[in-house]
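Here are a few notes to read alongside the structure. Keep the 3D view open and find each residue as you go.

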Amino acid sequence: MKIINLFAAFVIAAASAHASANLLELDSAGTYEPMASTNDFFYGAAAGYDIGGNLYATALIDITFTYLGHEAGYNNDFNAYGGNLNNKTHSEGASFTVNNVAAGLLDFNFYSNTISQGIANGNNQDFASFQSFATILDYTYNGIFYDAIILFDDSGAGPDDNHDDHIIGIRVAAVSEPGTLGLVIIGVACLIATRRRLARS
């Protein structure tokens, strides 16, 4: 009976650890930069951001992308998994959700229609590049927690290098994979069986 109890406790602890792990991470390609004073959305609130890093999922997840705003004259698109958020035609708060995204590099890009040029996750550039996006992980904006906020610089590398030309918030939720779910079910079944045995004795 002690073995069953220990096994059940182990399964529950493992499931909890899996659920609380960081579901979004950045690769090591980026560099941390202080927030530009010309960033109208985050200057004075966020100390800085990673520029040049690429965003990936560490597990199977559902993702919601939300348009948070822009400070740009250009017409810019955010594209991910067939969904689109445009900084001129969508209102702040517009969003779409993608389910069952596998672990690995997230499939998204920013594109400036005005100059016919864009940047994709996986090919992000550093601070001094003409286009890049910055990332803030685990940040609360307007009272809503986001696992990541990504900020596009549509034509920087100069006085407008402020990464607020198109801003997207990302919220994620873990999807229970069959193996993990099976372990949790076994653990719960063991707990129920143990309680019944104890009740009979």
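The points below go through two sheets, a buried acidic residue and two loop residues, all in a predicted model.

1. Let us begin with the smaller topic of strand order. Which order do the strands of the open sheet that holds β1 follow? The order is β1-β4-β9, and the pairing in this sheet of 3 strands is antiparallel. β1 (24–26) and β9 (104–105) stand at the edges with a single partner strand each, so one side of each has no neighbour in the sheet.

2. Now look at how β1 meets its partner. Strand β4 covers residues 55–57, runs antiparallel to β1 and is joined to β1 by 3 bridges. To find the pairing by eye, start from E25: the residue opposite, in β4, is Y56.

3. Another open sheet has 4 strands, in the order β7-β6-β10-β11, again with antiparallel pairing. Its edge strands are β7 (83–86) and β11 (117–120), each of which pairs on one side only. From one strand to the next, the twist averages 20 degrees.

4. Within that sheet, follow β6 across to β10. The two strands run antiparallel, and 5 bridges join β6 to β10 (residues 108–112). A80 is a handy landmark here, with F108 of β10 standing opposite.

5. D77 deserves a pause. This residue lies in strand β6, which spans residues 76–80. How far away is the nearest side chain of opposite charge? That side chain belongs to K88 and is 11 Å away; D77 is buried and has no salt bridge. A salt bridge would need the charged atoms within 4 Å.

6. What, then, does the side chain of D77 meet? There is a polar contact of 2.9 Å between the side chains of D77 and N86. Leaving aside residues up to four places away in sequence, D77 also touches several others, including L85, N109, Y111 and H166.

7. Finally, try two backbone angles. Most residues other than glycine have a negative phi. N142, however, has a positive phi of about 50 degrees and is not a glycine. Look for N142 in the loop between β12 (132–141) and β13 (144–153).

8. H163 also has a positive phi, near 50 degrees, and is likewise a residue other than glycine. H163 sits in the loop between β13 and β14 (166–174). Are these two loop residues buried or exposed? N142 is exposed, with a relative accessible area of 65%, whereas H163 is buried, with a value of 0%.

Notes. Residues numbered from 1 in each chain as written. Predicted model: local features only at pLDDT ≥ 70, side-chain atom pairs only at ≥ 80, totals over all residues. Heavy atoms only, no water. Pairing = 2+ DSSP bridges. Buried < 20%, exposed > 50% of the residue type's maximum accessible area, 1.4 Å probe, protein only. Lys, Arg positive; Asp, Glu negative; His and termini not counted. Polar contact = N/O pair within 3.5 Å; in protein donor to acceptor, adjacent residues only side chain to side chain. Contact = heavy atoms within 4.5 Å. Axes fitted to C-alpha atoms, helices over the stretch in contact; angles between N-to-C directions.
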